[in-house]
Amino acid sequence: MGGIADYSGSLVLQMPIAEACHVALQRHPLDKQQVWKHIKARHDKLGGPRPALRVVSLHADDTNRAPTFDIDLDDLYEPGGSPIPYSAMRAYCKKDPASSWGAYVAGCLLVLAREKGLEYPDGISILVCSDVPEGKGVSSSAALEVAVMTALAAAHDCKLSSRELALLCQKAENLVVGAPCGVMDQLTSSLGDAGQLLALLCQPAEVQGSTPIPPQLRFWGIDSGIRHSNGGSDYSSVRVGTFMGLKLINEAAQRLQRTSSSVHDSSSSSSSSHPGGSSVAAVLPAAGSLRRTAAPTKEQQGAGLGGSSSGRASIDRARSMCAFGGYLANISPSQYREAFEGQLPSHMQGSEFLDVHGAHLDSVTSIEPSFNYALREPTSHPIHENFRVNSFRALLAAAEALGDAATAAVDGGGGEAAQRKCQLESSIPRVEVLNCAAAAAAAGRGGGCGAA
């Protein structure tokens, strides 16, 4: 549970599946490196051998993609020796759609070069063998990233904790692959244990330990038949709508802060005419720690996904200084309902939001002016989802009343995929599958595999 609420700071409970991704890596000194013919031809034109990355992925034909990927490792660096920008690597990998999956591998090399100072004087060969189903929402990309980065770090004597490893893998997926995912999948791939629910508070990546699964409980993954992609337009538009909502709630909290004294006065003298006054006042302690910060500009918004480090850092700082620590999950459902829900439009055109409110508060997505974003539903989902996940964890000891919390988790998120949930529910015989609505969870969040 927790799903797409991870980037909004929710508690998530995740269990790794039995399938795995295996990576074998070998370094080749330049005088012993053997390369494919087209690589040799490229090197001959450049004046001689250069260290190259060669990747072979087994079972590539099953997913209709190229089985190989390669790049000269010198191309990871500018002429002056500094690693290239993430956006440059993303553009390189997207030139050939059939081999664009190489971004997951090359992204790990570039992240380690930029963030940890790794250099690659030798050629590198990588063999990937994964039986994690692709496009099913069970973290096949995170499994690949974690396996590749683990092998790279070991081969280059780079010490990484499991948490740091996961955060670096997320950076590769956000900034090189271009998928605006949270950190939940990478942490689970890095730290998950069989038969345990890994508890993660994604603010940004606090590991709270594992919760044993009672022996009388079983979990099934049910394929929705809808392909899932963290980089898909539906997933991205829901995330953008969520952060637009965060910006509007922050502005509303600032207005509440400025008028807090009058709210308290009116609630004490005329509570009958302001039935929500005392509840609204209860929001103020949470919003009262607001600190003034310059809102990110449209230019900084454009420097979000794969842009400059300084642009992303500026947006992240602005978010951290918002109400509720910049995480929607820190708002209780009652606070949201009483103080903020009525101030959020159901949808908003990107151009209107940018003109009135400026850039949103997300460093890995950008607002498309021509797009009409769902806003209220994506914003409310992580607020209620965090409450549901905490309730689910509290109920695990009793192992009772879990169905209601799991079922409700499928109803948020917005976007086209929310409509698909109903189609999936109607296609599953209710006599055969307990809690069909819970099984449809992934269909309501962009496709993939649902849990029941």
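Here are some notes on strand pairing, packing and salt bridges in this predicted model.

1. Start with the strands around β5. Strand β2 (residues 21–28) pairs with β5 (residues 123–130) in the antiparallel sense, over 8 bridges. Strand β3 (residues 52–57) also joins β5, but here the two run parallel, with 5 bridges. Ile 124 is a handy residue to click on: its bridge partners include Arg 27 and Leu 53.

2. Next, the open sheet of 3 strands, which has the order β1-β6-β7 and antiparallel pairing. β1 and β7 are the edge strands, each pairing on one side only. Ignoring direction, neighbouring strands here are turned by 20 degrees against each other on average. Between β6 and β7 there are 5 bridges, and the two strands run antiparallel. To find your way along that pair, look for Leu 197, which stands opposite Thr 211 in β7.

3. Two helices are worth viewing together with this sheet. Helix α6 packs on it, touching β1, β6 and β7, and its direction makes about 135 degrees with that of β6. Helix α14 (residues 376–395) lies across β1, β6 and β7 too, running at about 55 degrees to β1.

4. How many of the 8 residues in α6 (residues 184–191) are buried? The count is 6, so the helix is mostly covered by the under-20% cut-off on relative accessible area. The buried residues are Met 184, Asp 185, Gln 186, Leu 187, Thr 188 and Ser 190. Their cover includes β1 (11–14), β6 (196–201) and β7 from the sheet, along with the helices α4 (140–155) and α5 (162–177).

5. Ile 213 deserves a look of its own. It is found in the loop between β7 (206–212) and β8 (221–223). Is this loop residue buried or exposed? Ile 213 has a relative accessible area of 18%, and is therefore buried. Beyond its neighbours within four places in sequence, Ile 213 is in contact with Met 15, Gly 195, Gln 196, Leu 197 and Phe 219. Met 15 is 198 residues away along the chain, yet the C-alpha atoms of Ile 213 and Met 15 are separated by 9.6 Å.

6. On to charges. Side chains of opposite charge can pair when their charged atoms come close. The model has 13 salt bridges. One of them joins Arg 42 and Asp 72, with the closest N and O atoms 2.9 Å apart. This pair links helix α1 (residues 37–46) to strand β4 (residues 68–72), with the two residues 30 apart in the chain. Asp 72 is buried at 1% relative accessible area, while Arg 42 is partly exposed at 25%. Both belong to a network of salt bridges that also links Arg 50, Asp 70, Asp 74 and Asp 75.

7. Another salt bridge connects Glu 134 to Arg 65, the closest N and O atoms being 2.7 Å apart. Here two loops are linked: Glu 134 is in the one between β5 and α4, Arg 65 in the one between β3 and β4, and these positions lie 69 residues apart in the numbering. Glu 134 is partly exposed at 28%, whereas Arg 65 counts as buried at 17%.

8. Finally, Lys 116 forms a salt bridge with Glu 164, and their closest N and O atoms are 2.8 Å apart. This pair ties helix α3 (residues 102–116) to helix α5, 48 residues apart along the chain. Lys 116 is partly exposed, with a relative accessible area of 34%, and Glu 164 counts as partly exposed at 25%.

Conventions: Residues numbered from 1 in each chain as written. Predicted model: local features only at pLDDT ≥ 70, side-chain atom pairs only at ≥ 80, totals over all residues. Heavy atoms only, no water. Pairing = 2+ DSSP bridges. Helix = DSSP H or I, 4+ residues; strand = E, 2+ residues; numbered from the N terminus. Buried < 20%, exposed > 50% of the residue type's maximum accessible area, 1.4 Å probe, protein only. Contact = heavy atoms within 4.5 Å. Axes fitted to C-alpha atoms, helices over the stretch in contact; angles between N-to-C directions. Salt bridge = Lys/Arg side-chain N within 4 Å of Asp/Glu carboxyl O.
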